[in-house]
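This report walks through a protein chain by way of its side-chain pairings, its core and its loops. The sequence and structure come first, and the discussion follows directly.

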Amino acid sequence: MTSTPVLLNRILVGILGIKLFVVGLFLVLLATVPAVASWWHSWSADAWQGVNQAFNNTRFPGRPESWLWIVLVLVTLLLIGLMVAWVAQQGKGRTNLLVSDDDAGDVAGDVRIGGGVAEQALKHALAERPDLAGATVATYAVNGSPALKIRLLPRQGVAPHLLAAEVATLVEALNAVVGKPTPVLIHIGAGARTRFGRAERVR
């Protein structure tokens, strides 16, 4: 229900994990294998000399500074911009508006109901249920229209279809109070809280 780039996030996390694993493995080998340490000292000395030579060969005429520093600054700014754009893509689609309609009364105006009304009402109704290990409610904008996403973590032994039917009844009651039907996605999942929490079977 959001435009969060989930696949891209997983790819980036995977690449980061692989890099951290390789760096960690290399540090272990560097500390425990003398041949690796000897190779690293030789390679790093040559690499550092090559970097210094590159900066010396790219100095501005008559000045000791190298224009490579400008390139490094621009690359750093580009990376920062990409990181900001990536962060801005996370969680897009959330909205604070559940209902917006014209008032048909004598005084002209609009009626607006915030998404927090539905979220808090449903959370309060679900909080006291012993068959749930957790529940979250969020309001999203889907194709320009508000919709609710209800994520449930049932305890072991709870029938998902019965739980979904009971939550659908709560949603119908909410629609009756709000005065306008709202699309709802009920997501029933599982997690560590359901596996390791105290099991309470619904009878």
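Trp39 counts as partly exposed in this predicted model, because its relative accessible area of 47% falls between the 20% and 50% limits for that class. Phe26 is also partly exposed, at 26% relative accessibility.

By the ring-centre rule the count comes to six aromatic pairs. In one of them, Phe26 and Trp39 meet edge-to-face, with 6.5 Å from centre to centre and 85° between the planes. This pair links distant parts of the chain, since Phe26 sits in helix α1 (residues 6–32) and Trp39 in helix α2 (residues 34–57), 13 residues apart. A second pair, Phe55 with Trp69, is tilted, the centres being 5.0 Å apart and the planes at 45°. Phe55 lies in helix α2 and Trp69 in helix α3 (residues 68–88), so this pair ties together parts that are 14 residues apart in sequence.

What is the burial state of Phe55, and what is that of Trp69? Phe55 is buried, with a relative accessible area of 19%, whereas Trp69 counts as exposed at 52%. Both values lie beside a cut-off, because buried means under 20% and exposed means over 50%. Ring pairs also link Phe26, Trp39, Trp40 and Trp43 into a cluster.

**The loop between α2 and α3**

Ser66 is placed in the loop between α2 and α3, and Ser66 is buried, with a relative accessible area of 3%. The side chain of Ser66 makes a polar contact with the side chain of Thr58 at 2.4 Å. When residues up to four places away in sequence are not counted, Ser66 touches Phe55, Thr58, Arg59 and Phe60; Phe55 is thus a member of the tilted ring pair with Trp69 and also a contact of Ser66.

**Salt bridges**

Side chains of opposite charge can pair when their charged atoms come close. Three salt bridges are counted in this model, and they are set out below with the distance between the closest N and O atoms.

| Basic residue | Acidic residue | N to O distance |
|---|---|---|
| Arg63 | Glu65 | 3.2 Å |
| Arg129 | Asp131 | 2.8 Å |
| Arg129 | Glu166 | 2.3 Å |

Arg129, Asp131 and Glu166 are linked in a network of salt bridges. The pair of Glu166 and Arg129 joins distant parts of the chain, with Glu166 in helix α5 and Arg129 in the loop between α4 and β3, 37 residues apart. Within this network Arg129 and Asp131 are buried, whereas Glu166 counts as partly exposed at 38% relative accessibility. Glu65, the partner of Arg63, is partly exposed at 35% relative accessibility.

**The nonpolar core**

In soluble globular proteins, nonpolar side chains tend to be buried together. The largest nonpolar core of this model has 17 residues, and those with the most contacts inside it are Leu148, Ile150, Leu152 and Val167. The elements that give two or more residues to this core are β1 (97–102), α4 (115–127), β3 (132–142), β4 (145–154) and α5 (160–178). Which element gives the most to this core? That element is α5, with five residues. Helix α5 also carries Glu166 of the salt-bridge network.

**Lys180 and strand β1**

Lys180 lies in the loop between α5 and β5 (184–188), and it counts as partly exposed at 37% relative accessibility. The C-alpha atoms of Lys180 and Val99 are separated by 7.5 Å, although these residues are 81 residues apart along the chain. Leaving aside neighbours within four places in sequence, Lys180 is in contact with Val99, Ser100 and Asn175.

**The chain as a whole**

The chain holds six helices and five strands, which follow the pattern α-α-α-β-β-α-β-β-α-β-α when read along the sequence. Of its 203 residues, 21% count as buried. The chain exposes about 14,300 Å², and carbon and sulfur atoms supply 65% of that area. Among contacts between residues at least 6 apart in sequence, 54% join residues at least 24 apart.

Methods:
Residues are numbered from 1 along each chain as its sequence is written. This is a predicted model: local features need pLDDT of at least 70, side-chain atom pairs count only at pLDDT 80 or more; totals for chains, interfaces and linings use all residues. Side-chain values use heavy atoms; hydrogens and water are left out. Rings of Phe, Tyr and Trp (its six-membered ring) pair if their centres lie within 6.5 Å; planes under 30 degrees apart count as stacked, over 60 as edge-to-face and the rest as tilted. Helices (H or I, at least four residues) and strands (E, at least two) are DSSP runs, numbered from the N terminus. Buried means under 20% relative accessible area, exposed over 50%, partly exposed in between (1.4 Å probe, protein chains only). A nonpolar core is a set of buried Ala, Val, Leu, Ile, Met, Phe, Trp, Tyr and Cys residues joined through side-chain atoms within 4.5 Å. A polar contact is a pair of N or O atoms within 3.5 Å; within protein, one must be able to donate a hydrogen and the other to accept it, and residues adjacent in sequence count only if both atoms are side-chain atoms. Contact means heavy atoms within 4.5 Å. Accessible areas come from the Shrake-Rupley method with a 1.4 Å probe; for residues, only the protein chains shown count as cover. A salt bridge is a side-chain nitrogen of Lys or Arg within 4 Å of a carboxyl oxygen of Asp or Glu.
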